[in-house]
Amino acid sequence: MTGVTGQQRSSTDGGRESRRPRGPGRAGRVLRLLLGALSGLLAAAASLGVAELVSAAVRPEASPVVAVGGAVIDRTPASVKDYAVRHFGTDDKLVLQLGIVALLGLFAVLLGVTALRFRRAGCAGVLVFGGVGAVAAWSRPERQGLDVLPSVAGALAGVAVLWVLSGRLAAAPPAAVPAPGPAFDRRRFVVAATATAAASAAAGVLGRALNARSGAAAAASRTAVVLPRPASAAAPVPRGAHLAVPGVSPFLTPSGSFYRVDTALVVPKVDATTWRLRLHGLGVARELTYTYQDLLNRPLIERDITLTCVSNEVGGPYVGNARWIGVRLADLLREAGVRAPSRGGPADQLVARSVDGMTIGSPVETVLDGRDAMLALGMNGRPLPFAHGFPVRVVIPGLYGYVSACKWLSELELTTFDAFDAYWVRRSWSRQAPVKTESRIDTPKPFATPRAGRVAVAGVAWAQHRGIDRVELRVDAGPWHTARLAAEDTADTWRQWVWTWDATPGTHRIEVRATDRDGHTQTDERAGTVPDGATGWHSVVVDVT
Ligand SMILES: Nc1nc2c(c(=O)[nH]1)N[C@H]1C(S)=C(S)[C@@H](COP(=O)(O)O)O[C@H]1N2
Ligand SMILES: [Mo]
């Protein structure tokens with residue numbers, strides 16, 4: 001009991017601190033600790049602000065939070081990456097960066113408090129953090145020479161701020177009579193802290209603005225693109241490919257709502273006028289370099305192709321269908337003298353490299369087997385959006401994105417699967433990964449409460465390059481019913497389907513399965529996405545009223 005009373009008393013004392021001119025009492029010490037923590041946070045803010053400003057002179061990807069985030073992504077095991085994609089979806093990158101900033105803030109507080117007593121140690125801690133940023137920037141696959149600069153400059157700014165602020169908190173003005181309140185010069189601390197906060201914010205805002213402007217040339221180069229009419233146009237989408245069922249995914253996915261999966265914390269802004277594509281490697285008779293205009297000048301093909309991510313869970317959202325315009329990849333390879341392995345070619349893997357260091361390996365045999373593998377320049381009638389790979393990306397029907405669809409392409413290298421493992425393969429995903437036959441119920445939504453009677457159950461099914469042959473549904477593990485399939489656009493696109501269910505009141509589970517043109521029916525065996533794509537039947541539970 002005395003303990004409690006004691007606590008109560010001291011807190012009351014704290015409240016009356018101003019009436020007790022007895023030097024730094026408990027409240028004074030607490031205030032000093034808080035100001036120490038604040039110094040640490042201000043040092044961190046100065047670091048980030050200065051780093052952002054310097055990164056504008058280097059490149060946005062070199063700013064420390066982005067560099068550390070990128071390095072974390074590079075080192076994230078497949079299972080964790082999968083968890084992040086599943087739980088945060090496209091916000092996973094935001095969550096990651098907020099996490100890094102939160103962690104930084106926590107350490108900043110610790111360092112600020114440490115510096116109250118151990119000024120050098122606190123400042124050394126700030127340098128260590130700068131080192132982490134610099135090492136992260138240096139470890140990125142696409143690192144450039146000056147990438148460490150923002151972290152180093154930021155760390156030096158942070159050290160300077162912590163040194164000055166902790167100094168102000170330490171030094172009591174020499175006075176014969178102890179002054180009221182904490183034993184340091186409040187006014188000088190407040191001035192320095194305010195100046196630091198203002199300068200950090202200004203540096204950060206200016207850096208952000210400059211970084212945003214650095215994409216201006218790229219944006220202008222994109223605006224200037226006029227896609228020519230394709231030499232080989234896609235046939236119009238058959239009218240019967242769209243079922244007029246509310247809630248079903250539109251046959252063509254608008255670019256703005258097309259799923260996005262990549263490791264880029266900053267979307268690369270590539271200037272098409274200076275962009276180059278290098279084609280080289282095993283079995284290439286002569287190395288070739290293309291400009292964007294070179295590709296635009298070639299005969300272009302236009303095709304509807306459904307893209308799917310290997311991280312898409314059964315029933316998941318990472319699938320979309322677009323109309324792509326581009327250069328036939330097989331033509332380019334053949335001109336360079338490349339032969340398929342089945343025709344004696346020495347290379348069995350085509351590695352696509354992006355400006356951000358991504359590597360994606362596809363089987364040469366598949367690229368040359370007659371399918372519409374292409375270097376896409378356009379998506380849904382417009383130049384590729386930056387987020388989807390401007391100026392040029394790869395699209396290969398029938399393969400998951402991580403083994404086919406390299407965005408922001410910069411290089412094509414012919415090699416072998418024995419000689420080289422691409423980015424995701426080094427992270428426990430399969431070397432080869434054809435898209436699995438899948439179906440998804442879009443409507444009704446899980447836990448919907450439709451009225452008893454006729455309920456339209458509808459969705460999409462895909463088995464790229466094989467084509468969908470049949471979609472079936474069953475309720476409460478009853479008999480299978482065949483859905484009505486929308487008209488097929490091509491074997492490379494998904495198909496909508498609908499089945500009219502005579503729903504009875506109660507809770508029911510609806511399950512779907514698809515069969516492809518090879519006669520393969522989707523298995524009910526549940527498998528996770530690692531290493532080569534999820535399996536199982538999508539099901540939806542509804543409450544019929
Ligand atoms: N440069 C680069 N290209 C990339 C990726 C990436 O992380 N970086 N991700 C791949 C993956 S895993 C998929 S599923 C597709 C997704 O393409 P989208 O974002 O245009 O839908 O891009 C592929 N191309
Ligand atoms: Mo993916």
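**View 1. Strand β16 and its two partners, β15 and β12.** In this predicted model, L485 of strand β15 has W497 of β16 as its bridge partner. Two bridges join β15 (residues 484–485) to β16, and the two strands run antiparallel. Move to strand β12 and you meet W497 again: this residue of β16 stands opposite G459. Here the pairing is also antiparallel, with nine bridges joining β12 (residues 453–462) to β16. How much of β16 is buried? Seven of the nine residues in this strand, which spans residues 495–503, are buried, so β16 counts as mostly covered.

**View 2. Strand β5 with β6 and β10.** Take β5 (residues 349–354) as your starting point here; five of its six residues are buried, and the strand is mostly covered. One partner is β6 (residues 359–363), which runs antiparallel to β5 and is joined to it by five bridges. To find your place in this pair, look for L350, whose bridge partner in β6 is S362. What links β5 and β6? The two strands form a hairpin with four residues between them, and in the turn you can pick out G357, which has a positive phi of about 85 degrees. Another partner of β5 is β10 (residues 409–415), also antiparallel, with six bridges between the two strands. A handy landmark for this pair is Q349, which stands opposite T415 in β10.

**View 3. An open sheet of four strands.** Follow the strands across the sheet and you will read the order β14-β13-β17-β18, with antiparallel pairing. Which strands stand at the edges? They are β14 (481–482) and β18 (538–544); each has a single partner strand, so one side of each is left without a neighbour in the sheet. For a closer look at the β14 end, turn to β13 (residues 468–475), which pairs with β14 over two bridges in the antiparallel sense. Within that pair, L473 has H481 of β14 as its bridge partner. As general background, the strands of a sheet pair through backbone hydrogen bonds, in either a parallel or an antiparallel way.

**View 4. Helices α6 and α7 packed together.** Helix α6 (residues 119–139) packs against helix α7 (residues 149–170) at an angle of about 165 degrees, and their axes are 8 Å apart. The two helices are therefore roughly antiparallel to each other, and the crossing is right-handed. On the α6 side, the residues in contact include R119, R120, C123, V126 and L127, along with the glycines G122, G130 and G133. Across from them, α7 contributes residues including V152, A155, L156, V159, L162, W163 and V164, as well as G158 and G167. Sorted by class, this contact has 11 nonpolar, seven polar and two charged residues.

**View 5. Helices α3 and α5 crossing.** The last close-up shows helix α3 (residues 64–75) and helix α5 (residues 92–117), whose axes come within 10 Å and cross at roughly 115 degrees. As α3 passes α5, the crossing is right-handed. Which residues of α3 meet α5? Look for V65, V66, V68, G69, V72 and I73, which meet L96, Q97, I100 and V101 in α5. By class, the contact has eight nonpolar and two polar residues, and no charged ones.

Definitions and conventions
Residues are numbered from 1 along each chain as its sequence is written. Chains are lettered from A and ligands numbered from 1 in the order in which they are written. This is a predicted model: local features need pLDDT of at least 70, side-chain atom pairs count only at pLDDT 80 or more; totals for chains, interfaces and linings use all residues. Side-chain values use heavy atoms; hydrogens and water are left out. Two strands pair if DSSP finds at least two bridges between them. Axes are lines fitted to C-alpha atoms, for helices over the stretch in contact, and angles run from 0 to 180 degrees between N-to-C directions. Angles under 35 degrees count as roughly parallel, over 145 as roughly antiparallel, 65 to 115 as roughly perpendicular and the rest as oblique. A crossing is left-handed if the near helix is turned anticlockwise from the far one by less than a right angle, and right-handed if clockwise. Contact means heavy atoms within 4.5 Å. Ala, Val, Leu, Ile, Met, Phe, Trp, Tyr, Cys and Pro count as nonpolar, Asp, Glu, Lys and Arg as charged, and the others, Gly among them, as polar. Buried means under 20% relative accessible area, exposed over 50%, partly exposed in between (1.4 Å probe, protein chains only).
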